[in-house]
Amino acid sequence: MEEHSIQLTTPEITALWTTYIQNSASNCFFQHFLEFLKDAEIKPIVEEALSLQQSINNKIEEIFAEEKFPIPKGFSDKDVDLTAPPLYTNLFALSFIYRSGQITVPNYARILTKVARTDVVKLFEECLQKATSLYKKSLNLMLSKGIYDRPPKIAYPKEVEFIQEQQTLLGSWFGEKRPLNTAELGEIFYTIERNYIGLVLLMGLIQVMKDTEIKNYLVKGKRLAEKQIHALNKILVKENHLGIIPVSNEVTDSAISPFSDRLIMFLMTTTTMIGFYLTSYTISNTMRKDLVVQYTMLLAEITNYSDEGLKIMINRGWMEQPPQPLDQKNFHSDC
C-alpha cells in the first residue's frame with residue numbers, strides 16, 4: 001500500500017483537528033500583541049510564534065483537503081479586534097509565549113507517540129523541534145529580563161539514601177512530617193506559576209467583559225486561581241521555603257475587549273482542561289498524603305469549573321463538535 005493512500009487513524013485526526021483549532025485561537029492573541037508590541041526583543045519571538053502556527057495550520061489544511069476531511073472552523077480575524085487598545089503589557093506577551101511553550105512542547109511529544117503516517121509524523125516532529133526552539137528563546141529572554149522566578153533550591157544530599165521501614169508507612173513517609181522532596185517542590189512551583197499567569201490573563205478579560213454570565217464565570221476562575229496560589233504558598237511557608245512571588249500587574253487600563261466572547265470562553269475551557277490534566281500528573285508525582293488531599297480537592301473544583309464553562313459554550317452554540325465515527329446503532333435500529 002502506498003503511503004499517501006493510508007487513511008488517517010483516529011489519534012491522527014484528533015491531533016490534527018485539535019492542533020488546528022488551538023493554533024487558530026492563540027493566533028488571535030499573537031495578532032493583538034503584535035499591534036502594540038514595542039519591545040525589540042519580545043516582538044520577534046511573538047512574530048515567530050504566529051508564523052509557526054500559521055504554517056502548521058496551512059499544512060493541516062493541506063492534509064485535510066487531500067483526505068476530503070472537513071477543515072475545522074476554529075477562530076479567525078473575526079474573533080480579534082485589532083483596533084482595540086492594548087489589553088496587556090509587552091512583558092505579558094512574553095509570558096504568554098512562555099506558557100504556550102510549556103503546553104505545546106509536551107503535547108507535541110505525546111502526539112508523536114500516537115501517530116504513524118509518515119506525513120503526520122513529519123509534521124509533528126517539525127512542530128516539536130520548532131516549538132522547543134521557540135520555548136527556549138522565550139525562557140532565555142525571561143531570564144535576561146529578570147522576570148523568571150526560578151523554582152526552589154535545596155542543599156545537595158551527601159549520599160544516596162533509602163526509605164526506612166517504619167511502624168506505618170502511610171503515617172511516616174506519606175505523612176505530613178516528612179520534608180517536601182524535590183519532585184513535590186518542583187510541582188508546587190509550576191502549579192503556582194501557571195496560576196499566576198492565568199490570574200493576570202483573567203484580570204484583563206474580566207476588565208473588558210460585558211456579558212454578565214461570562215464575567216461571573218471569569219471571576220470564579222480568578223478566585224479558583226487565587227485559592228490554589230494561596231493554598232500552595234501556605235504549604236511552602238509552613239515548610240520553611242519562601243513563597244512564590246507573584247508576577248507584576250501586566251494589565252492596561254483598557255475597557256475594550258480585543259477578543260470575541262466565544263474565543264475567551266474557548267481559551268478558558270481549554271486551559272481549565274489542561275489544568276485538570278496537569279494537576280492529575282502532579283498527584284501522580286506526590287507521595288505526601290496532605291499534598292494529595294490538597295490537589296484532589298483542587299481537582300474536584302477544577303472539574304466543576306470546567307463543566308460550567310462547557311455548558312456555557314454548548315448552550316450558546318459555540319462548541320465545535322470533535323470528529324466522530326458514524327453511529328452504527330442507527331443502521332441496526334430496525335433489526
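How are helix 2 and helix 4 oriented to each other: roughly parallel or roughly antiparallel? Keep that in mind while you get your bearings. The model on screen is predicted.

**Stop 1: the whole chain**

Show the full chain as a cartoon. Ten helices and zero strands make up its secondary structure. Follow the sequence and the pattern reads α-α-α-α-α-α-α-α-α-α. The chain has 335 residues, and 44% of them are buried. Now switch on a surface. The accessible area comes to about 18600 Å². Carbon and sulfur atoms account for 57% of that surface. Next, think about contacts between residues at least 6 apart in sequence: 84% of them join residues at least 24 apart.

**Stop 2: helix 2 against helix 4**

Select residues 42–67 for helix 2. Add residues 118–145 for helix 4. The two axes come within 11 Å and cross at roughly 170 degrees. An angle over 145 degrees counts as roughly antiparallel, so helix 2 and helix 4 are roughly antiparallel to each other. That settles the opening question.

Show the side chains at this contact. From helix 2, pick I42, I45, E48, A49, L52, I56, K59, I60 and I63. From helix 4, pick D119, L123, E126, C127, K130, A131, L134, K137, S138, L141 and K145. Colour them by class. Twelve are nonpolar, one is polar and seven are charged.

**Stop 3: helix 1 against helix 4**

Keep helix 4 and bring in helix 1, residues 10–36. The axes of helix 1 and helix 4 lie 11 Å apart, at an angle of about 40 degrees. This pair is therefore oblique. The crossing is left-handed. Helix 1 contributes E12, A15, L16 and T19. Helix 4 answers with V120, L123 and F124. The classes here are five nonpolar residues, one polar and one charged.

Look again at L123. This residue of helix 4 meets helix 1, and L123 also takes part in the contact with helix 2.

**Stop 4: helix 1 against helix 3**

Hide helix 4 and select helix 3, residues 90–112. Helix 1 and helix 3 pack with their axes 11 Å apart, at about 165 degrees. That angle makes the pair roughly antiparallel. Helix 1 passes helix 3 in a left-handed crossing.

Pick A15, T19, N23, F29, F30, F33 and F36 on the helix 1 side. Across from them, pick N90, F92, A93, F96, I97, Y108 and I111 on helix 3. What is the make-up of this contact by class? Eleven residues are nonpolar, three are polar and none is charged.

A15 and T19 are worth a second click. Both meet helix 3, and both also meet helix 4.

**Stop 5: E125 and I111**

Bring helix 4 back and select E125, which sits in that helix. At 40% relative accessibility, E125 is partly exposed. Now draw a distance to the C-alpha atom of I111. The gap is 9.3 Å, for two residues 14 apart along the chain. I111 is a residue you have already met, in the contact of helix 3 with helix 1.

**Stop 6: the loop after helix 2**

Go to K68, in the loop between helix 2 and helix 3. Is K68 buried or exposed? K68 has a relative accessible area of 75%, over the 50% cut-off, so this residue is exposed. Check the backbone too. Most residues other than glycine have a negative phi. In K68, phi is near 55 degrees, a positive value.

**Stop 7: N233 in helix 7**

Jump to helix 7, residues 212–238, and select N233. N233 is buried, at 14% relative accessibility. Add I188. The two residues are 45 apart in sequence, yet their C-alpha atoms are 8.3 Å apart.

**Stop 8: two threonines in helix 8**

Finish with helix 8, residues 261–284, and select T272. T272 counts as buried, at 9% relative accessibility. Which residues does T272 contact, leaving aside neighbours within four places in sequence? They are Y217, I302, Y305 and S306.

Then select T282, also found in helix 8. T282 is buried, with a relative accessible area of 0%. Show E187, T191, R194 and Y295 around T282. T282 touches these four, not counting residues up to four places away in sequence.

Terms used:
Residues numbered from 1 in each chain as written. Predicted model: local features only at pLDDT ≥ 70, side-chain atom pairs only at ≥ 80, totals over all residues. Heavy atoms only, no water. Axes fitted to C-alpha atoms, helices over the stretch in contact; angles between N-to-C directions. Helix = DSSP H or I, 4+ residues; strand = E, 2+ residues; numbered from the N terminus. Parallel < 35°, antiparallel > 145°, perpendicular 65-115°, else oblique. Left-handed = near helix turned anticlockwise from the far one by under 90°. Contact = heavy atoms within 4.5 Å. Nonpolar A, V, L, I, M, F, W, Y, C, P; charged D, E, K, R; others polar. Buried < 20%, exposed > 50% of the residue type's maximum accessible area, 1.4 Å probe, protein only. Areas by Shrake-Rupley, 256 points an atom, 1.4 Å probe, with all protein chains shown as cover.
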